Amino acid sequence: MSANLKQSIRDSKSARWFVLATVSFLMFTGYFFTDIMSPLQGALRDNFGWSNAEYGMFAGSYSFLNVFCLMLIFGGIILDKLGIRFTGTSFIGVMIAGAFFNYYAMTDTFNNGGLGYDFLNSFLTQYKPSLKLAILGYTLFGVGVEIAGITVSRILVKWFKGKELALAMGLEMATARGGMLLAFSGSRLMAGEEQIVSRPLAFGVLFLVIGFLAFFIHNMMDKKMDAEVADDTAAAAEEDEFKVSDIFLLFKNPGFIFIALLCVLFYSAVFPFSKFAPDLMVQKYMFNDNFAGSMVGLLPLGTIVLTPLFGAFLDNKGKGASVMVLGAILLIIVHSIFAFGPDQKAFAFIAMIVLGFAFSFVPAAMWPSIPKIVPESRLGSAYAMIFMIQNVGLMLFPMILGAVLDSSNQGNTGNLDYSNSMMLMVGCGVLALFFAFMLKAVDKKNGYGLDLPNIQK
Ligand SMILES: C[C@H](NC(=O)[C@@H](N)CCCCN)C(=O)O
């Protein structure tokens, strides 16, 4: 058989990049919806009567099912057993259903006694029906988007392994951050003068449906590839398979423990922070409501350019472990500025830009480091486990931030004081730094090569 006959669609550069475009667009729509409500915290307070603690509970509900029902572990198992197309299609469906509930919770139709209102008003009456339905929707959305994210990583490995994998992952992350950028800078504009919260959510649901269509196009390409390389895929699938027993082995690996702790602390100081950041910009720095979201948009904006660049740097020059230490130091500096710094706008600009740097190079260093710490046969389990641990932080920190914000502003009728909430973020940075040093120490001891280039010459 000639080499040509063994070639598959995966060997076509245009087919690979086309697949990357379809799944990156899907993640763009997912990240857009994830942050669509973040710039609307003030409108939720004013129009729906949500307290900051309730808003925090809503933001943390993203991870409720992922943490309490171990959904990411099940997602990993389903992905291994039933494949990319089934898992992706099903969980994108869950993501859209959740997003729709979230949208419906904020409509006048529902809040004026529409379908389900009376039922949701009949229990836990201290919480508004809008909050309860939004939480139900966002928690389903959180399951869908996280498992879609794991599926997309697997898709990229399938199409790009041995080719431009790091670049593809960097570009996919950068595109997803574009969704965050659009949410932060566009959400209030979409809500209009009257701040109609359901409007940007309706856009979000529509985008997700278009993302779903893009995934269908991917499915057709995937089907074609499977037909061409059935044998190879079966072997690769077995190699990557999620095994529950692997979880115990992972927790015997100090490198995995430290990188997982660093991951949860780092991301807790970024994603939950970003949920409150637009309001922080208004309350502390007196930015105009509409511009506050764009200020936070500086965070993903920088990463869109810098994540693939740092990815390429780390691929060629290494220094991944040192970069993670530096990222943790920057977290401490940035959040100290927010907690203790003066309330001048320039400080907010500088802090957001510096945070954008940390948010570019830590993910660029962290995700490709995992294969250096964990054997390839346990990679599927390692990524599912690390996302699951990360979700504990994504669940707890928004709730804690909101509760601390309310409790430290009791009786305050002026602008909200964010100092205590931001001190918590400084704490995350300090612990992240500690674990980054521990990671460096075990790297030295066990020779993972975290500071070595990803590309071996
Ligand atoms: C790749 C990584 N993704 C995650 O960490 C997700 N588990 C969380 C996504 C939250 C979406 N706003 C990343 O985005 O760096």
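Let's start with the cysteines. Cysteine 428 has its closest cysteine sulfur in cysteine 263, and the gap is 12 Å, too far for a bond. Keep in mind that this is a predicted model. Turn it around and start from cysteine 263. The closest cysteine sulfur is the one in cysteine 428, again at 12 Å and too far for a bond. A disulfide is a covalent bond between the sulfur atoms of two cysteines. The cut-off here is 2.5 Å between the sulfurs. So how many disulfides does the structure hold? Zero.

Where do these two cysteines sit, buried or exposed? Cysteine 263 is buried, at 0% relative accessibility. Cysteine 428 is buried too, at 2%.

Next, salt bridges. The count is eleven. I'll take three of them.

The pair to begin with is arginine 45 and aspartate 279. Their closest N and O atoms are 2.9 Å apart. Arginine 45 belongs to helix H2, residues 41-48, and aspartate 279 belongs to helix H14, residues 271-283, so this bridge ties together parts that are 234 residues apart in sequence. What about accessibility? Arginine 45 is partly exposed, with a relative accessible area of 23%. Aspartate 279 is buried, at 5%.

Now arginine 85 and aspartate 222. This is a salt bridge of 2.7 Å, N to O. It links distant parts of the chain. Arginine 85 is in helix H5, residues 71-105. Aspartate 222 is in helix H10, residues 198-228. The two are 137 residues apart. Arginine 85 counts as partly exposed, at 26% relative accessibility. Aspartate 222 counts as buried, at 1%.

Then lysine 158 and aspartate 226. Their side chains meet in a salt bridge of 2.8 Å, N to O. Here too the pair links distant parts of the chain. Lysine 158 comes from helix H8, residues 129-160, and aspartate 226 from helix H10, with their positions 68 residues apart. Lysine 158 is buried, with a relative accessible area of 17%. Aspartate 226 is partly exposed, at 22%.

Which residues are linked in a network of salt bridges? Arg85, Lys158, Asp222 and Asp226.

Let's go back to H5, the helix that carries arginine 85. H5 has 35 residues. A straight helix would reach 51 Å at 1.5 Å a residue. The end C-alpha atoms of H5 are only 24 Å apart. Where does H5 bend? At glycine 83, by about 130°.

Over to H10. Histidine 218 lies in this helix. The residue is buried, with a relative accessible area of 1%. Its side chain makes a polar contact of 3.1 Å with the side chain of asparagine 219. What else does histidine 218 contact, leaving aside neighbours within four places in sequence? The list is Val19, Thr22, Val23, Ile84 and Ile155.

Arginine 199 is also in H10. At 35% relative accessibility, arginine 199 counts as partly exposed. Not counting residues up to four places away in sequence, arginine 199 touches Met190, Ala191, Gly192 and Glu194. Look at alanine 191 in particular. Its backbone oxygen lies 3.5 Å from a polar atom of the arginine 199 side chain. One distance for orientation: arginine 199 and glycine 356 are 28 Å apart, C-alpha to C-alpha, and 157 residues apart in sequence.

Last stop, the start of the chain. Aspartate 11 lies in the segment before helix H1, which covers 13-34. Aspartate 11 is partly exposed, at 33% relative accessibility. How far is the C-alpha of aspartate 11 from that of phenylalanine 160? The separation is 9.2 Å, for residues 149 apart along the chain. Beyond its neighbours within four places in sequence, aspartate 11 is in contact with Arg16 and Lys163.

To recap. The structure has zero disulfides and eleven salt bridges. Arg85, Lys158, Asp222 and Asp226 form a salt-bridge network. And H5 bends by about 130° at glycine 83.

How values were computed: Residues numbered from 1 in each chain as written. Predicted model: local features only at pLDDT ≥ 70, side-chain atom pairs only at ≥ 80, totals over all residues. Heavy atoms only, no water. Salt bridge = Lys/Arg side-chain N within 4 Å of Asp/Glu carboxyl O. Helix = DSSP H or I, 4+ residues; strand = E, 2+ residues; numbered from the N terminus. Buried < 20%, exposed > 50% of the residue type's maximum accessible area, 1.4 Å probe, protein only. Expected span 1.5 Å × (residues − 1). Bend = angle between axes of the 7 residues up to and from the residue. Polar contact = N/O pair within 3.5 Å; in protein donor to acceptor, adjacent residues only side chain to side chain. Contact = heavy atoms within 4.5 Å.
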